[in-house]
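Colleague: I would like a close look at a single part of this model. Please take me through it step by step.

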There are 2 protein chains.
Amino acid sequence: MTEVVLGIDIGGTNTKFGFVDREGNLLCDYSISTAVHKTIDSYLQSLTNNIEKALNEINQDINFIGIGIGAPNGNYYRGTIEHAPNLNWKGVVNFVKKLKEHYSLPMAITNDANAAAIGEMIFGGAKSMKNFIVITLGTGLGSGFVIDGKIVYGHDGFAGELGHVTVKANGRFCGCGQRGCLETYVSATGIKRTIYKLLADHNGQSRLSGVSFNDLTAEMITDAARDGDPIALEAFEYTGNILGMELADTIILTSPEAIFLLGGLAKAEECIFEPTHRHMENSLMPIFKNKVKLLPSGLHEKNAAILGSAALIWHEIDKNPI
Amino acid sequence: MTEVVLGIDIGGTNTKFGFVDREGNLLCDYSISTAVHKTIDSYLQSLTNNIEKALNEINQDINFIGIGIGAPNGNYYRGTIEHAPNLNWKGVVNFVKKLKEHYSLPMAITNDANAAAIGEMIFGGAKSMKNFIVITLGTGLGSGFVIDGKIVYGHDGFAGELGHVTVKANGRFCGCGQRGCLETYVSATGIKRTIYKLLADHNGQSRLSGVSFNDLTAEMITDAARDGDPIALEAFEYTGNILGMELADTIILTSPEAIFLLGGLAKAEECIFEPTHRHMENSLMPIFKNKVKLLPSGLHEKNAAILGSAALIWHEIDKNPI
């Protein structure tokens, strides 16, 4: 009988989930809509119905022993989702408590970047590491810090918000209410804003000048850069400069062995890794130079979020064997 | 028989040491010159001679069980002092190994800011805390991060260099070889530089305009600010702004319960605490506002460095009872 856990990745639009064994094999994966549910109870009804359906469809002998959840503003200490801007359920949702009404199993929740970091540690590229950072470059910028083999949750469980470090006083407006936050420059959305800033500065002069703000994607910008489009190349240089300098500051605080870049913008590969690494090394004080690796995820992008959430609960089960 | 440890605080000019019991009582304290010794062997001869003298002078029954050392660029993992700019001994000094030739006792070394953080945790204002930061505002700016009850040493033992985070691109020249480091603005030396910048901007207009750069001290600036000197007040506002914004960034990464400000510039009390706290709160994203305490040290300034070094080894002994 194979012991498995359920990994659930809650996004603003969709929720993905799947069963994962101790070696990181994904037995199956499913996706349901998050956005369609206006209340948490309606969402949980749909989620649990689909979990039951999935359990029935698995045609092998399993022992279902735990649930890990990655969610925006997921709080590990309290088992809650708190004031998540991109979810319909406002305020503080006692997610773990509510899900325990359906499954009396060990459960843990955290934010998606922390789940990604645990995923790298348990199943991915950080298996042998005790000190590293994972940065997710999606719609926003998330980060998970692992220090001495443990995720940093901090005093109230919300540590690791690198996306909201201020990189420019009175800079771009951020959804958090502040200005100049890192994620307004460095994320799939941030590089779009940079392209539009550069199109304004240079009065067009790029094949991207035919694309509306709403239609523009990080993938289009990457394709343009690979074809030598000067505005797209300058946008990656600008993004890599800001990210590289911020990573240098983060390195001297936490002295990691490696930093992993994940998510949509990380798919740009050398377009983003090369300028980021160059500016990071240029900004580092001598005792830290040429020591810290900048790496892509060691997990397959497609299932990384489910594997991360599953790794979270495997990690708990390892700490407190049943 | 009282169990005691030896706490040694190595500074560029002087070395202070003393014997400390489990409750943080300092049985005696001594000071010898560091700067006069051109070689590490000559220094160690003087240090161990004076330790022996101190042992003979203690007229109570003690059991000497360990040595803790705080030193610039002290590396906890390797027991070394590495490339310390303000010490005469260049390169990598195997300090713990050399001192073990004299005393076969448990020993640990770290930098002075980490020692200060452990001092707060064991004997000072952070006794009940698991997540906090200590910032020392002296000639430079040092920092010690405690996360989940443990000092953050990172992958190579040099984590926590908040003083060398970049706060202004192409800003003030720093001894580390970079430009715009936090400590060039926020430290006893940093505020002197700010006074001189403001005297230049305002063409004098302060009682401090009669003091040379070499003679100016943080204490004089504090006295001037308390007497309402506009340049001194503006210097504290400027310093508090830069420090407050940087603390906000540090809070969202590590989510501490409190931040302690120690050292020469912290003696300015409200002159530095008030603007720093105000700018810190203004820069925080909503979920972190009004949560993090900004506190002075809970240790008497005079002996804090020795107590910190002593606490380092008490902490080790607690982890691995003899």
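Colleague: Which residues does B:I135 touch, not counting residues up to four places away in sequence?

Modeller: Keep in mind that this is a predicted model. B:I135 touches B:L141, B:S143 and B:L162. B:I135 also touches B:I259, B:F260, B:L261 and B:L262. That list leaves out residues up to four places away in sequence.

Now place the residue in its setting. The largest nonpolar core has 197 residues. A:I135 and B:I135 are the ones with the most contacts inside that core. In soluble globular proteins, nonpolar side chains tend to be buried together.

Next, turn to chain A. Its domain assignment gives domain 2 as residues 129-296. Domain 1 comes in two pieces, 2-121 and 301-319. The centres of the two domains of chain A, taken over C-alpha atoms, are 27 Å apart. Where they meet, 15 residues of domain 1 are in contact with 14 residues of domain 2. Helix α3 (residues 112-122) of chain A supplies the largest share of the domain 1 side, eight residues. By class, that side has nine nonpolar, three polar and three charged residues.

Then comes the contact between the chains. Chain A gives 33 residues and chain B gives 33 residues. On the chain A side, helix α6 (residues 230-254) gives the most, with five residues. This side divides into 14 nonpolar, 12 polar and seven charged residues.

Last, the confidence scores. Chain A averages a pLDDT of 94, and 100% of its residues score at least 70. For the complex, the predictor gives an ipTM of 0.84 and a pTM of 0.89.

Terms used. Residues are numbered from 1 along each chain as its sequence is written. Chains are lettered from A and ligands numbered from 1 in the order in which they are written. This is a predicted model: local features need pLDDT of at least 70, side-chain atom pairs count only at pLDDT 80 or more; totals for chains, interfaces and linings use all residues. A nonpolar core is a set of buried Ala, Val, Leu, Ile, Met, Phe, Trp, Tyr and Cys residues joined through C-beta atoms within 7 Å. A residue is buried if 20 or more other C-beta atoms lie within 10 Å of its own, exposed if 12 or fewer, and partly exposed in between; C-beta atoms are placed from the backbone. Two residues are in contact if their C-beta atoms, placed from the backbone, lie within 7 Å. Domain bounds come from an automatic or database domain assignment. Helices (H or I, at least four residues) and strands (E, at least two) are DSSP runs, numbered from the N terminus. Ala, Val, Leu, Ile, Met, Phe, Trp, Tyr, Cys and Pro count as nonpolar, Asp, Glu, Lys and Arg as charged, and the others, Gly among them, as polar. pLDDT is the predictor's confidence in each residue, from 0 to 100.
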